[in-house]
Amino acid sequence: MSGEFFLESVLENENTKIYGIGEIGFDFIKGDFSKNKALQLEFFHYQLYLAEKYNLPLIIHNLKGFHELAKYVKQLKKIKACLFHGFSGSLQEAQFFLKQDVNAFFSFGENILFNRKKAIECVNKLPVNRLGFETDGKKHISIEKVFFKAKEIKNVTNEEDITIFHTEIKRNFNSIFT
């Protein structure tokens, strides 16, 4: 059974609960990945189709592929939600998707812990209702450290604002995956 038909058969199985499609997207930063643009496009098209057909969110992996991903705004607008995992793009790239009415969320982890300038600017300037935080499974990173750093970047200091911030981030997660 080909991978395409297998994936769709899993989605059609009523006994299986699937919460999202991904991670999909483009990785043009590494040699072997950047050489496989046609294959990345093929998988992207198919998974984008499945996300729309089954009304599932997309978890998007995008490294140096903004130019390619931007071509799909019309289709991305039809998707329940698009979570840009480990977002490494610029504030302008994030705002592009929001201005195009893509239901986009941007997730940050080690990129803010390591004080990456673009990530810090995004967390600082993007609205809280568009943010998410992650560890990406890295053992040396805790979600508490990421959340604490995000609060620091957003200058959230008093207990009431911390509670509101935390509630909003949980609401983002729930709106994507429920």
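Select Asn155 to begin: in this predicted model the residue is exposed, with a relative accessible area of 60%, and it lies in the loop between helix 9 and helix 10. Its phi is positive, at about 60°, although Asn155 is not a glycine. Most residues other than glycine have a negative phi.

Next, display the two helices on either side of that loop, helix 9 (residues 143-154) and helix 10 (residues 159-177), which pack at an angle of about 120° with their axes 12 Å apart. The two helices are therefore oblique to each other, and helix 9 passes helix 10 in a right-handed crossing. To see the contact itself, select Phe147, Ala150, Lys151 and Lys154 in helix 9, which meet Ile162, Phe165, His166 and Ile169 in helix 10; by class, this contact has five nonpolar, one polar and two charged residues.

From helix 9, go back to the loop between strand 5 and helix 9 and select Asp136, another residue that has a positive phi, here about 55°, although it is not a glycine. Asp136 is partly exposed, with a relative accessible area of 44%.

Now move to helix 8 (residues 117-125) and select its buried residues, Ala119, Cys122 and Val123. Seen down the helix axis, they fall within an arc of 95°, so they line one face of helix 8, whereas Lys117 and Lys125 are exposed on the other side. Among the elements that cover the buried residues are helix 6 (91-99), strand 4 (104-108), strand 5 (131-133) and helix 9.

Finally, select Gly22 and Glu23, where the connecting peptide bond is cis, with omega near 5°; Glu23 lies in strand 1 (residues 21-27).

Definitions and conventions:
Residues are numbered from 1 along each chain as its sequence is written. This is a predicted model: local features need pLDDT of at least 70, side-chain atom pairs count only at pLDDT 80 or more; totals for chains, interfaces and linings use all residues. Side-chain values use heavy atoms; hydrogens and water are left out. Axes are lines fitted to C-alpha atoms, for helices over the stretch in contact, and angles run from 0 to 180 degrees between N-to-C directions. Helices (H or I, at least four residues) and strands (E, at least two) are DSSP runs, numbered from the N terminus. Angles under 35 degrees count as roughly parallel, over 145 as roughly antiparallel, 65 to 115 as roughly perpendicular and the rest as oblique. A crossing is left-handed if the near helix is turned anticlockwise from the far one by less than a right angle, and right-handed if clockwise. Contact means heavy atoms within 4.5 Å. Ala, Val, Leu, Ile, Met, Phe, Trp, Tyr, Cys and Pro count as nonpolar, Asp, Glu, Lys and Arg as charged, and the others, Gly among them, as polar. Buried means under 20% relative accessible area, exposed over 50%, partly exposed in between (1.4 Å probe, protein chains only). The arc is that of the directions from the helix axis to the C-beta atoms.
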